[in-house]
Amino acid sequence: MYEDGQVRPPYARLEHWTRAMPAELRHLKQAEAEALFRRIGITFAVYGEGGDPDRLIPFDMFPRVFTQAEWLRLERGIKQRARALNAFLVDVYGRGEIVRAGRIPAHLVYRNAAYEKAVVGFVPPRGVYSHIVGVDLVRTGPDQFYVLEDNCRTPSGVSYMLENREIMMRMFPALFRENPILPVDRYPELLRRTLASVAPAKCDRDPTVAILTPGHYNSAYYEHSFLADMMGVELVEGQDLFVEGEFVWMRTTEGPRKVDVIYRRIDDAFLDPLCFRPDSALGVPGLMDVYRSGGVTIASAPGAGVADDKAIYTYVPEMVRFYLGEAPILENVPTWQCARADELKHVLENLHELVVKEVHGSGGYGMLVGPCSTKAQIAAFRAKIEANPGNYIAQPTLALSTCPTFVEEGIAPRHVDLRPYCLMGERVELVPGGLTRVALTEGSLVVNSSQGGGVKDTWVLAE
Amino acid sequence: MLSRTADNLYWIARYIERAETMARLLQVGERISLVPHVGGGGFRNEWDSLLQASGTADGFARKYGEAVQRNIESYVFFDHDNPSSIASCVAQARENARIVRTALTAQVWDALNTAFQELRQLERTERSELDILALAEWTTNKTAMIKGAIDTTLLRNDGWDFLHLGYNLERADNTARLMDVKYYVLLPQLDLVGTGYDNYQWITLLRALSVLRAFRWAYGGEVTARKIADFLILNGQCPRSLITCACSMVTHLDRLAEGYARPTGAQALARRIHADLAGMTPDTIFDEGLHEFLGRFVRDVAALARLVHEDYLSGDVR
């Protein structure tokens, strides 16, 4: 928010807003916001840990602000990245040109656990594997953004982007009159259009889209039902679907109804017990056969995960150059592969100032943040790396940007990241905004909700 | 709509209706305990028959043994071991609603979710601070809010029909069972008009169905067993009478059959049940035997519930 001791222009009006808000009012508003979240049912469910199963993700009322110029550059970079990642997926399940050209080591692709042999040679409609690409970004300077990771499977959190905005508009309407904030509420319509645009060739009418959820015990169930509702499509579980003939059908009160596009929120391994895990009760037996014969589209396509693997991440700028012939607009965080002997040596010598992550990990678990760890923790982690170097990558601890955040004493800077959601179908689209996650603990760099992170509304201001 | 969605809607309505019936039973039970009893048994007998009417007598006896009023109140309102307790019904209805959020309006969800959140508050409150009549009233207020939200905001589509099927099936079953528990006081040969006890029992029955005032307006004069049977079984003006419920089930099954362009066995059975009732008089019912008639009706309703499941909710529809 501040630059050279001055309030940066996009935050100017907000500074006045916070100064004019006494602590009592702030507490009142915070309670009101929480009551709204609970009343609408925007919770993530945690079963099996005891206590209240309906948890709230902490919501910070102080918005994060981008100018339109800042956003336009981000938007170009994100779309570029989404196109390159999809080109990569089509390539590696086809001729594998990028591997043949020696730009990416073959074993990283073909030996990757997320590489799905069951779809080799199959090109999904419009050549799109990942229809919703969530790109996690951090800012380290006025014009410096780094991509932390890509999410090509089923990035979650978009319902928070939409609901955070709704709640801010409801609680602080004056802010929206005073600031030219670009709306994000087109997202569900764009998502529906994107999904309909990738209907399989065999679909000869207005495509039927459905969201496949693991069920109401899933922690992201609210988001699944929210998106189904906003798009006006059915929310199905595996038990609601069956395969007959060349198609997938829903069980309805009027008899079977054909489904053309499935936006699945379950992992590849659970999609089809006949093709993947035989013990999966979440999936649909025979689904993959229908998929491969062009009877249904699955979004994201099975196998899309190979593009967002942390070992592949290093090569995304290379993909941009290779497939698009463009210079990458967004940079990667410099990354050391512990699988390489020379890089491993550097990592082990500098553990106290690096962030080390598991290659296949997610959710902020199984990582080491060197500067925030004790000697004992570092030693323990060193042993884990030495036991299996290929399982780890390391990155420098970035001087992450902070955003003003309401804390007990008033306002304080807290580290934030940003996840915009890029849609790819017939067109590549992005609404002006995303999910800002904030590390609520002072000094913390970990923004995951499972580790004490919260969320904020994200504004893009029109000129 | 998805069969699973229809199934959830149908059960939301059944749970809400059941919660309402339980709240009424609590109100009546509380009232009985305030009146010096005439005849044998006193409030214990009354509570027992109320537990029987709700089909929870066995579960209660296993858990608590003797019918102590405070235990009964806890069992009927709070106990999650009792699948028909108000707490169980509200929690189940809300969980079902969470599963089918997309088939409900924001107002309906809000009404269900608010009831659930307030229930959680009540569960955290000291029992000694809670008045059972206030709890019963809280319940009927919440169920009225939910029904009101359904009636004023929901699309008149097939989901609306499944909700109303659930309401009316549950209500028909509840009314019939409640009468059956008390059938002996309605037998004509025990028609001892003017003796305080029987008169009191009849009035209790009408109160349990919240139709005492309605009854007085509709019939006036002396309260007799024949009038009560007529009112609760055959009078289309009574909101909880068997024929009102049957009529509504026919309406909604007809709408579904028309909307889906497919007649079903459930529709045929509902029509048969309704036609049977329409052809009856209090005399034919008492000739058959009230207990026998009610037993037959409850079985018919159970058969109808099975057909609704097979024809619409099971997911095996072809």
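Which residue stands opposite A:Arg264 in S13(A)? A:Leu212 does, and the views below show its surroundings in this predicted model. Local features here need pLDDT of at least 70 and side-chain atom pairs count only at pLDDT 80 or more, while totals for chains, interfaces and linings use all residues. Residues are numbered from 1 along each chain as its sequence is written, and chains are lettered from A and ligands numbered from 1 in the order in which they are written.

**View 1. Strand S13 and its two partners in chain A.** Strands (E, at least two residues) and helices (H or I, at least four) are DSSP runs numbered from the N terminus. Strands pair if DSSP finds at least two bridges between them. S8 (residues 209-212) runs parallel to S13(A), with 4 bridges. S14 (residues 297-299) is also parallel to S13(A), joined by 3 bridges, and A:Ala299 is the bridge partner of A:Tyr263.

**View 2. The two faces of S13(A).** A:Val261 and A:Tyr263 point one way, A:Ile262 and A:Arg264 the other, and all are buried (20 or more other C-beta atoms within 10 Å of the residue's own, with C-beta atoms placed from the backbone).

**View 3. Helix H3 (residues 68-92) of chain A.** Its end C-alpha atoms are 36 Å apart, which agrees with the 36 Å expected for 25 residues (1.5 Å times one less than the number of residues). Of these 25 residues, 18 are buried, leaving H3(A) mostly covered.

**View 4. Where chain A meets chain B.** Here 17 residues of chain A are in contact with 20 of chain B (C-beta atoms, placed from the backbone, within 7 Å). Helices H2 (23-40) and H9 (221-231) and strands S9 (234-236) and S11 (247-252) of chain A each supply at least two residues of the side that touches chain B.

Conventions: Buried ≥ 20, exposed ≤ 12 C-beta atoms within 10 Å, placed from the backbone. Contact = placed C-beta atoms within 7 Å.
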